[in-house]
Amino acid sequence: MHIENNLQDVIIRAIKELYHVDVETSQITLQKTKKEFKGHYTLVTFPLLKISRKKPEETAQEIGSWLTEKTDIISGFNVIKGFLNLEITAEAWLRLLEQIDREPDYGFTPVADDAPLYMIEYSSPNTNKPLHLGHVRNNLLGHSLCEVLAANGKRVVKTNIVNDRGIHICKSMLAWQKWGNGETPESSGKKGDHLIGDYYVLFDKKYKEELGSLQDKGMSKEDADEQSQLMAEAREMLRKWEAGDEETVNLWKRMNEWVYAGFDETYRRMGVSFDKIYYESETYLAGKEEVLRGLNQGLFYRKEDGSVWADLTPYGLDHKLLLRADGTSVYMTQDIGTAKLRFDDYPIDTMIYVVGNEQNYHFQVLSILLDMLGFEFGKGLVHFSYGMVELPEGKMKSREGTVVDADDLMTEMVETARETSKELGKLDGISTEEADKIAEMVGMGALKYFILKVDPKKNMTFNPKESIDFNGNTGPFIQYTHARIQSVLRKASEQGITIPERLENTLTLSGKEEGLVQLLAEFDAVVKQAGTEYNVSLIGNYVYELAKEFNQFYHDFSILREENSSLRDFRLLLSKNIALTIKKGMKLFGIDVPERM
């Protein structure tokens with residue numbers, strides 16, 4: 001049991017004996033003592049005053065005295081107004097460290113066969129462009145959320161929905177058809193997703209030139225858009241695709257295969273994967289069926305032009321388009337079909353969509369529509385809404401070709417990590433192969449940590465140079481701390497020191513050492529909180545705090561040179577478990593930690 005659990009139990013006993021009243025655990029408010037006061041845990045006595053019928057200070061004094069006299073867990077206490085600050089005995093910290101050491105998976109809950117099933121959708125790329133910085137945040141958040149939920153004992157299905165159809169796909173196809181001259185990934189030397197992305201940008205360029213030419217002839221922007229030959233051809237291509245035109249479908253398949261090969265390469269390097277991939281080209285028909293069923297049942301209505309709509313004014317919203325006048329579907333239609341197919345395929349308890357906050361309205365509507373259509377899961381959908389990510393230079397626009405490409409970003413991060421590590425002498429005396437491995441580990445760790453340490457709900461600016469810093473709240477700092485501890489443990493082994501599983505009872509610990517054990521024990525609660533709140537940044541903040549506190553301890557205290565062998569053994573056992581916890585925490589971010597650095 002944790003010290004907090006023991007404390008709650010003995011406090012309940014104290015209240016029973018002092019005031020002859022039984023209280024529930026929920027009535028005991030324990031907090032970590034603030035750094036400016038002496039103590040480890042603080043009992044807030046204000047909720048207990050109705051029971052004690054005494055002043056806050058008097059109540060705290062009575063409970064503190066009882067705990068000191070009747071238990072062996074409290075070494076002292078002090079009262080600040082209605083707050084009882086409790087000091088835990090050194091022996092209790094030693095026993096707690098031993099307990100953590102006996103549980104290599106401390107903080108993680110095993111996944112049972114009958115555990116709740118969570119399906120997490122993330123990535124959701126379009127097959128008309130490569131993955132960019134925004135996708136990087138999405139993929140990293142989705143992957144980390146899956147890891148955190150699995151660490152909380154949930155069964156997890158990682159899923160992706162590929163936007164492989166629609167007008168935007170046709171724009172790339174049409175541009176390649178018109179100006180591609182048969183270019184392929186092999187002939188160009190480009191990754192398939194990059195090649196197709198170039199044609200998406202080219203379409204937009206030619207389209208703007210056409211609009212400009214029409215406007216020069218006196219047309220308004222709206223009229224020019226209506227008269228655009230390029231856009232008309234793109235719409236006709238979409239119509240042909242939906243009609244199953246063989247030539248159009250074959251071109252679509254060929255170009256998408258190029259893109260998927262490129263995506264797979266990017267996913268591998270990023271360290272993300274999926275258990276099941278859905279394709280909108282396969283799910284949109286199921287969505288159309290559901291919309292038409294809703295229309296027949298009077299849930300939706302058809303306008304004179306043939307388009308189908310949902311009236312959401314009873315929910316305080318507006319009217320939502322579900323099928324266009326020409327019968328083609330919209331994103332909402334596809335998402336209805338995808339949701340239905342997923343719940344047909346899996347016994348999902350919770351469905352979580354990892355999608356940016358610009359789609360908050362979309363998921364609010366999706367939930368309502370699924371509920372209107374009679375799906376029990378409609379109201380239970382969870383939108384894991386996150387903020388946008390930008391570079392210091394500002395926003396990105398894929399149509400204009402100004403996006404930060406994910407592949408280029410990852411390569412830049414690894415090269416920057418290599419240069420920085422080399423300058424700091426961290427690659428001295430190691431082989432080229434090992435240096436490459438460390439550069440990849442540090443560069444990718446810097447990228448992942450910098451993005452994941454930020455509260456997902458917040459917009460953020462990604463600064464590549466800042467993320468590589470070996471000092472401060474960065475991935476490389478935490479990785480280096482792990483490597484530093486491994487170096488200490490290797491030296492201990494070389495000196496023939498065996499770390500005991502049982503520590504000497506009579507040791508006197510410093511406040512710093514007790515604080516580190518207390519912080520180490522909090523890993524369990526942090527993992528649970530991150531899973532409950534769907535906030536993976538809590539893991540990053542915790543691991544950084546642990547690494548920072550260890551480095552201060554390492555600076556102020558001797559480990560291997562400590563003359564008291566029992567104290568040395570305690571510090572080695574503490575260091576070993578801090579390194580293991582850092583490794584487990586970083587694993588939840590998909591980050592590897594080096595043994596040497």
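1. The side chains of strand 11. In this predicted model, the residues of strand 11 alternate in direction: T350, I352, V354 and G356 point one way, whereas M351, Y353 and V355 point the other way. Residues on both sides of the strand are buried. Because seven of the seven residues of strand 11 are buried, the strand is largely enclosed by the rest of the structure. A student may wish to follow the two sets of side chains in turn, beginning with T350 on one side and M351 on the other.

2. The neighbours of strand 11. Which strands pair with strand 11? One partner is strand 12 (residues 382–386), which pairs with strand 11 in the parallel sense over five bridges. Within this pairing, I352 stands opposite V382, and G356 stands opposite Y386. The path of the chain from strand 11 to strand 12 leads through helix 14, and this β-α-β crossover is right-handed. Another partner is strand 5 (residues 117–121), also in the parallel sense, over four bridges. Here E121 has Y353 of strand 11 as its bridge partner.

3. The ring pair of Y353 and F363. Y353 also takes part in an aromatic pair with F363, in which the ring centres lie 4.8 Å apart and the planes meet at 45°, a tilted arrangement. Y353 belongs to strand 11 (residues 350–356) and F363 to helix 14 (residues 360–372), so the pair ties together parts that are ten residues apart in sequence. Are the two rings' residues buried or exposed? Y353 has a relative accessible area of 2% and is therefore buried; F363, with 10%, is buried as well.

4. Other aromatic pairs. A search of the whole structure gives 21 aromatic pairs. One of them joins Y267 and F274 in an edge-to-face arrangement, with 5.1 Å from centre to centre and 75° between the planes. Y267 counts as buried because its relative accessibility is 6%, and F274 is buried with a relative accessible area of 18%. The value for F274 lies under the 20% limit that defines a buried residue. Y267 and F274 also belong to a cluster, linked by ring pairs, that includes Y122 and F263.

5. Charges over rings. Two lysines deserve a remark in connection with aromatic rings. The charged end of K303 sits over the ring of W309, at 3.8 Å from the ring centre. The charged end of K276 sits over the ring of Y278, at 5.2 Å from the centre.

6. The nonpolar cores. In soluble globular proteins, nonpolar side chains tend to be buried together. In the present model, the largest nonpolar core has 152 residues, and F462 and F570 have the most contacts inside it. Helix 16 (residues 432–452) gives the most to this core, with eleven residues. What does F462 touch beyond its neighbours within four places in sequence? Its contacts are L133, V389, E390, L391, P392, L409, M413, L447, F450, I451 and S467. Another core lies apart from the largest one; it has 34 residues, among them V308, F343, L366 and F377.

7. The surroundings of E549. E549 is part of helix 21 (residues 537–556). Is this residue buried or exposed? Its relative accessibility is 14%, so E549 counts as buried. When residues up to four places away in sequence are not counted, E549 touches K35, K512, L516 and L519. E549 and P314 are 235 residues apart in sequence, and their C-alpha atoms are 54 Å apart in space.

8. The protein as a whole. The protein has 22 helices and 14 strands. Its C-alpha atoms fill a box of roughly 90 × 65 × 45 Å, taken along the principal axes. Of the 597 residues, 55% count as buried. Among contacts in the protein with a separation of 6 or more, 74% are between residues 24 or more positions apart.

Terms used. Residues are numbered from 1 along each chain as its sequence is written. This is a predicted model: local features need pLDDT of at least 70, side-chain atom pairs count only at pLDDT 80 or more; totals for chains, interfaces and linings use all residues. Side-chain values use heavy atoms; hydrogens and water are left out. Rings of Phe, Tyr and Trp (its six-membered ring) pair if their centres lie within 6.5 Å; planes under 30 degrees apart count as stacked, over 60 as edge-to-face and the rest as tilted. Buried means under 20% relative accessible area, exposed over 50%, partly exposed in between (1.4 Å probe, protein chains only). A charge sits over a ring if NZ of Lys or CZ of Arg is within 6 Å of the ring centre and within 35 degrees of the ring normal. Two strands pair if DSSP finds at least two bridges between them. A crossover is right-handed if, with the strands pointing away from the viewer, the path from the first strand over the helix to the second runs clockwise. A nonpolar core is a set of buried Ala, Val, Leu, Ile, Met, Phe, Trp, Tyr and Cys residues joined through side-chain atoms within 4.5 Å. Contact means heavy atoms within 4.5 Å.
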